[in-house]
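Biologist: Please take a close look at the salt bridges in this model. Which side chains pair up, and where do they sit?

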Amino acid sequence: MATQLVANNEESISFPVTGMTCAACQARVQRALASEPGVIDASVNLVTKSAAVRYDPAAVSPPRLIEAVRATGYEAELPASDESTARAMSRREDAEEREARELAIKATVSVAAGIVSMGISMLLMGNAVANYGLFGLTAAILAWAGRDIYRRAWKAVRHRSADMNTLVALGTGSAFIYSVIATIAPNLFARNGIAPDVYYEAVIFIIGLVLAGRAIEARARRKTSESLRRLVTLLPPSARVEENGAFVDKLLAKVRSGEIVVVRPGERIPVDGILVDGASEVDESMLTGEPLPVAKSRGDRVVGGTLNTTGAFGYRATSVGAESVLARIVALMEDAQSSRAPIQRLADKVSAVFVPVVLAIAIVTFIAWYFIAGPSALPHAIAAAVSVLIIACPCAMGLAVPTAVMVATGRGAEMGLLIKGGEILQRAGDVDTVVLDKTGTVTEGTPAVARVIAMGTLTESEILAYAAALERHSEHPVAAAIVRAALANQLSLYPAGEFKSRTGSGVTGRVQGQKVAVGNAALMGDLGIPAEDPRLRVDSSSREASSELYVAIDGRVAGVIVVADSLRPTSREAVQKLLAMELDVVLLTGDRFTTANAIADEIGIRRVVAEVLPHDKVAEIRRLQALGRVVAMVGDGINDAPALAQSDVGISMPKGTDIAIEASDIALMRSDLRGVPAAISLSRQTMATMKQNLFWAFVYNVIGIPIAAGVLYPFTGLMLSPVIASAAMAFSSVSVVTNSLRLRRARVA
């Protein structure tokens, strides 16, 4: 992703970092970036092999950030400014595939060579010719398959640091040098009463198993970002654009805003835009998860990557390239997958001192074996020290959190949840109170005329026609509902004059030569028009979740129009799921208490805060937080923005896809409140997975290192060979990734 502006005085950039193999590598690169003057925040992800940096452009430049990474011994490069997201991801995917394939080949050859060398060692043990042959085979494997391990270890030494490559290089290097001396000068060992044993097969096996573990990790890591890759591949490579009265195919990168694009049935829509000609039904399931196609006609919006199903149409491109909805979703997911959950700090602190501590333990292990058991125990001392170095690989710690974040954000995207990173995932899991806005969240947000009550000589249709004649001059949503109802009943809209809008109460004017007022009881009171009538109290219980507009003609109430905002079909189910998760649920709205209470009773909410302004909503969120609550606020992302920002986790409904993306911590891409319990449930499962990963990564080392050092040998005669240690090391990393991949099939509330 190229550099993007994030604030008035700061920018953000993400770029690839190659050569990292463990948590120590990641921590070193992150420290180097964070120490640069002008860097506000730096996050390095071992799984995606990338760095995300927020910085002050007046104090530091992107090239300087690249130099800081290279100074640590790793490679980095700036993304091409003109490269599309799809092309960049394709290039990265090809590189990852190539790396995994090379690792697999080297691992296969090395393990096969290890089997051959083991057979030779068993059949021709102590044979000088066989030892020289094994020496040549091992040297070839180290030079070819193990070259990158030793090269990166040397770079780390040059930069006065240590990482996993350092441990493997020291372990295998020590065993190889010992074996070479035993091969060239066996008498040197014999004079000191030490058998001139060689460990060539162990060295080859260790290199092979280390590479095999990395190959399996690489394959597994690619699975964690499958959702992201599927999104990117939805865009077609070109678009059919109108030029000088003809239509030509243009590469997607060359399509410009304002151009007319034509899409035929069965084709994917290449860029975002507004329909100007034709009509069709569009499958938007990739964006919203809704299975049914959505009807589109002139003036409707279409999104790049969605599928045109039935008719052909032309539309004007509006958002192209990085500004398109799909590109912004991909960028959001990439940022999320590069972010760090707070729980990662624990692994970071441990990994910062882990490698030096392991080196010290290996030295102490060698010294203890040699001086306690005597010179004859030199082979055991070397084997124990090598095993400690190999088994203590910190890979599992480095992979524990980011793999879970990647899989969870990908799984969330499949469910229509855009989760903005690891920190949000962790906070959402701690939520104990969910505050719901009413209009547009619990309800559809689009008022509709429920019924018309005639109270005089005029018919219901005439009352609706008089009201619509005035309301068509108003922009209020209720006015639009009245006009829609009149048009749906094929009523003629009379011309209106002397129109006047009264904020918060209604409208007045003259229709057909008569004075007409449409509004609430307050308006009737201001105009001195009696508004009470016994018939309005009939079936009052059904009106509690609705609003009544009085229609007065020449100073008398002629009728009442009942306008209601209907519940979303899934709102009750969503609230019941939240309650089943032992969460407190609050309905927070600016609407009347009677309406709010009726809605709350219908969906099972017990606590209602109504008749509040936007700043009052913020105050209520703060009050709950002051009580120690972790609050999630769910709103439409526009008028609820202050409350969403104040809450611990802001969740926005999709009232305009691009607005939803920017407005909150979690954006629901479907108009379905069930996404809220799903997001919290996914967060809880992700946190559980992270804790499992870290637990096993730590326990593995706590148990494995002492066994490798030989603490059980005096009691059981058990020694952990370097080969077994390398296999255990590879297994630990793979197990962490595999455990995270279980989130791809997570069943949420």
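**Salt bridges**

Modeller: The count comes to 23 salt bridges, and the model they come from is a predicted one. A few of them can be taken in turn, beginning with pairs inside a helix.

Glu-414 forms a salt bridge with Arg-411, and the closest N and O atoms of the two are 3.6 Å apart. That is within the 4 Å allowed between a side-chain nitrogen of Lys or Arg and a carboxyl oxygen of Asp or Glu. Both residues belong to helix H14, which covers residues 395-414, and because they are three residues apart, about one helical turn separates them. An α-helix has 3.6 residues a turn, so residues three or four places apart point the same way. As for exposure, Glu-414 has 36% relative accessibility and therefore counts as partly exposed.

The next pair is also in a helix. Glu-423 forms a salt bridge with Arg-427, with 3.2 Å between the closest N and O atoms. Helix H15, residues 422-430, holds both Glu-423 and Arg-427, and the two are four residues apart, about one turn of the helix. Glu-423 is partly exposed, at 40% relative accessibility. Arg-427 is partly exposed too, at 25% relative accessibility.

Another pair links distant parts of the sequence. The side chains of Arg-568 and Glu-444 meet in a salt bridge, at 3.3 Å from N to O. Arg-568 lies in the loop between strand E22 (556-564) and helix H20 (571-580), whereas Glu-444 lies in the loop between helix H16 (438-442) and strand E17 (448-454), so the pair ties together parts that are 124 residues apart in sequence. The two partners fall into separate exposure classes: Arg-568 counts as buried at 9% relative accessibility, while Glu-444 counts as partly exposed at 33%. The cut-off behind this is that buried means under 20% relative accessible area.

Salt bridges can also join into a network. Arg-240, Asp-249, Arg-264 and Glu-267 are linked in this way.

For burial along a whole helix, H17 can be set beside these pairs. Helix H17 (residues 460-471) has 12 residues, and it reaches 16 Å from its first C-alpha to its last, close to the 16 Å expected at 1.5 Å a residue. H17 is mostly covered, with nine of its 12 residues buried. Among the buried residues are Tyr-466, Leu-470 and Glu-471.

Conventions
Residues are numbered from 1 along each chain as its sequence is written. This is a predicted model: local features need pLDDT of at least 70, side-chain atom pairs count only at pLDDT 80 or more; totals for chains, interfaces and linings use all residues. Side-chain values use heavy atoms; hydrogens and water are left out. The expected span of a helix is 1.5 Å times one less than its number of residues. Buried means under 20% relative accessible area, exposed over 50%, partly exposed in between (1.4 Å probe, protein chains only).
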